[in-house]
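User: I'd like a close look at one part of this model, the place where the two chains meet. Could you walk me through the charged pairs there and what surrounds them?

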Amino acid sequence: MALPLLRRGAASAARCSRSSVQASVVVNIRQNSSFAKVEETPLEAPEDWTNLQLKRAEYKSLIDTFSEYGSTQTRDNTFQPHHTLHRPVAPSDITLSALLASGAHFGHSHTRMNPNFVPYAYGTRAGITIIDLDHTLPLLRRAAQVVRGVAARGGSIVFVGTRADLRSTVRLAAERMGKQGYHVGERWLPGTLTNKVHMFGPDVARDEQVVPDLVVFLNPIPNIHAIRECALEHVPTIGIVDSNVDPRVVMYPIPANDESTRTAELISGLLSVAGREGVAIYHEEQAKAARAASRRPSRPREQHMA
Amino acid sequence: MNIAKKAAGGALRFRAYATAAYVPPASMENVQRGRLPPPKPKPESPTFYTGRATYYDQLLALENASKQTRSALQQLQLLPLSRFAQQNLPPLHPVWKSQVDLAELMEAKLTTSRYRRFVSQLNQLNQYRRLAEVAGHLALAERLQRVLDMFERENKEAILARGKAKPTKFDEFGRTYTVGRRKESTARVWVIRTQLSPEEQAAASSSTTPAEPPQVQTSESPAPPPAQTVEDPIVHSAPAVGIPGFESGPLSIGPTQVKVHTTNILINNIPFTDYFPNVADRERIVRPFRVAGLIGAFNVFALVRGGGSTGQSGALTLGIAKGIAAHAPEVEPLLRKGFTSLKL
């Protein structure tokens, strides 16, 4: 209702100098009592609540109008902390600077460095091991290839991240992969793979494919028993290994900082995008096979015995 | 020679799998050795490998609903809410399913920490539902209520009504039975509405006269409970016209034109005027009717024992007040202790 008035006032104010802009804005606010601070009257009927909502909407529209005359950097075109979670990087677009910005090069204390990790360490500084990202990047891309390949053949992939900050990361990574993605955000129960009959029941253990085709660990140290179970059940594993871990615990190690949430989000996002591509390939091949099967008439196959 | 060949041939036949003959790889490509078993279906739920798929699926669904509701309420400018507005919200009384019931619902064991996490999500969703309801967004509130109904106890109303006074019941004649106690006396009181006589009923339905001002009258003869007939206490010697100068209102009606109802009070089958010779006791008993403005509306039968006259009249007062409050809930605040602004 007062919005056109305000827009006119704002346009004229923008043409004037900075101080007069501030003065005219202040005058406008004082004249329009609806933009004043919401009075603390008791909210009894729904009408009172509606008035509250309208007042706040008016104030928001005032701010939005004047935002057009401010900086060109807005919420949409600047980095926000949730972008690493909701805007994953594609495997082909990953850069060293992105890994560096997420803090993937910070290892643990140099006294705790595992001797088998030395090939992946750049050196030590300020008492901690610095991880060589020149090794990390190709290993990360290799892991992405593995994920894509497994997904393209219809494999199931489990994302394991058992910290509070990793819960939403693994959930979103699994969601990106559709029916082929699974996630474990809480403690991995021992015996999930080695004691399947007791864990899931005899019917499920017999009728469904309980053992997954690939498991990705975002924090391998607390999940060492899960890694052992995967090894016993011959499940390939990918994991973010830090400087205090032997990289050979997983099949495809990614040497990086396991304590950083941003690093974990970057890596799991990248792997899940690769997985999504693999799932798309798998669906395409399935559709192609279905089309081919429906087009050609079925022929009896000849059995060749060796 | 032959024996050697035979032996060699036999040996070759028995060791057919380790044949020495060379087979080019291209010929092996179309060999059908045997069928692979059909691939087993993969697990349905994305939280299958947590071991508690049902629980985590439901928890994630609740968290999702919570997020969507929060963004909807932010769009509606209801969130974030100032402390002042929060104080204006009505209180919440949720009654969620117990840990055992919820475990049954999820077909798996439920630890206390998981139960608490689940209930905290339910409470969050309940807060959003209350906000949507109070602000008038009933469709959203109803959708949230449907989600929350799944996790509320069946006997929620019974649990919330615990500790509150039971409502007084009416029997098939429309009587209430209430009990009052004071000092050493106990009064058992039955209260029933006065019945209009057939002429009055006809007059009330057809006439357009204003409401008759009632007066307290006592009947001398003991009438059997519960039925009470109205005695006509009209004084015939008074003039039949109202006060000159008043065309409308209560003063335009003459006293002879006014029909009065009587409240008959029987105590231990004795009219209360005989039972309580003391005026103070009688006034005490009649006070609830005066305060409520319902003199002539009810008849009372009471049994009282124990104590002296003051105690018995006090016990009766309380019993009568409870009975009136049951019949006419709108006057209950007037009869509460502490309502001293009304001077009669």
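Analyst: Here is a tour that starts at the contact between the chains and then follows the charged pairs outward. Please keep in mind that this is a predicted model.

Let's begin with the contact as a whole. Chain A and chain B bury about 3,400 Å² between them, and 55% of that area is on carbon and sulfur atoms. Chain A brings 42 residues to the contact, and chain B brings 36 residues. On the polar side, 13 residue pairs are in polar contact across the interface of chain A and chain B, with both residues at pLDDT 80 or more. Which elements of chain A supply at least two residues each to the side that touches chain B? They are helix H3 (46-67), helix H7 (167-176), strand E5 (181-184) and helix H9 (202-207). Of the side of chain A that touches chain B, H3(A) gives the most, with seven residues.

Now for the charges. Side chains of opposite charge can pair when their charged atoms come close. Over all chains, the whole structure holds 20 salt bridges, and two salt bridges are found across the interface of chain A and chain B. In a salt bridge between Glu186(A) and Arg117(B), the side chains meet at 2.7 Å, N to O.

Glu186(A) deserves a longer stop. Besides Arg117(B), Glu186(A) pairs with Arg167(A) in a salt bridge whose closest N and O atoms are 3.1 Å apart. Glu186(A) sits in the loop between E5 and helix H8 (196-200) of chain A, while Arg167(A) belongs to helix H7 of chain A, so this pair ties together parts that are 19 residues apart in sequence. Is Glu186(A) buried or exposed? Glu186(A) counts as buried because its relative accessibility is 16%, and the cut-off for buried is under 20%. Arg167(A), at 31% relative accessibility, counts as partly exposed. These residues are part of a wider arrangement: Arg167(A), Glu186(A), Glu63(B) and Arg117(B) are linked in a network of salt bridges.

Staying in helix H7 of chain A, we meet another pair. The side chains of Arg171(A) and Glu175(A) form a salt bridge at 3.2 Å, N to O. The two are four residues apart in that helix, which means that about one helical turn separates Arg171(A) from Glu175(A). Arg171(A) is counted as buried, with 15% relative accessibility.

Chain B has a pair with that kind of spacing in its own helix H7 (residues 138-149), where Arg146(B) and Glu142(B) are four residues apart and so separated by about one helical turn. The closest N and O atoms of the Arg146(B) and Glu142(B) salt bridge are 3.2 Å apart. Glu142(B) is partly exposed, with a relative accessible area of 46%.

Two other spots in chain B round out the picture. His327(B) is in helix H12 (residues 309-327) of chain B, and its 9% relative accessibility makes it count as buried. Not counting residues up to four places away in sequence, His327(B) touches Phe170(B), Gly174(B), Thr176(B), Val191(B), Ile192(B), Arg193(B) and Phe298(B). The other spot is on the surface: Ile243(B), Phe246(B) and Leu251(B) form a nonpolar patch there, with about 270 Å² of accessible area together. Ile243(B) lies in the loop between helix H9 (198-206) and strand E3 (265-267) of chain B, and at 45% relative accessibility Ile243(B) counts as partly exposed.

Technical notes. Residues numbered from 1 in each chain as written. Chains lettered and ligands numbered in written order. Predicted model: local features only at pLDDT ≥ 70, side-chain atom pairs only at ≥ 80, totals over all residues. Heavy atoms only, no water. Patch = residues over 30% accessible without salt bridge, like charges linked within 9 Å, V, L, I, M, F, W, Y side chains within 5 Å. Areas by Shrake-Rupley, 256 points an atom, 1.4 Å probe, with all protein chains shown as cover. Salt bridge = Lys/Arg side-chain N within 4 Å of Asp/Glu carboxyl O. Buried < 20%, exposed > 50% of the residue type's maximum accessible area, 1.4 Å probe, protein only. Contact = heavy atoms within 4.5 Å. Buried area = accessible area lost by both parts, 1.4 Å probe. Polar contact = N/O pair within 3.5 Å; in protein donor to acceptor, adjacent residues only side chain to side chain.
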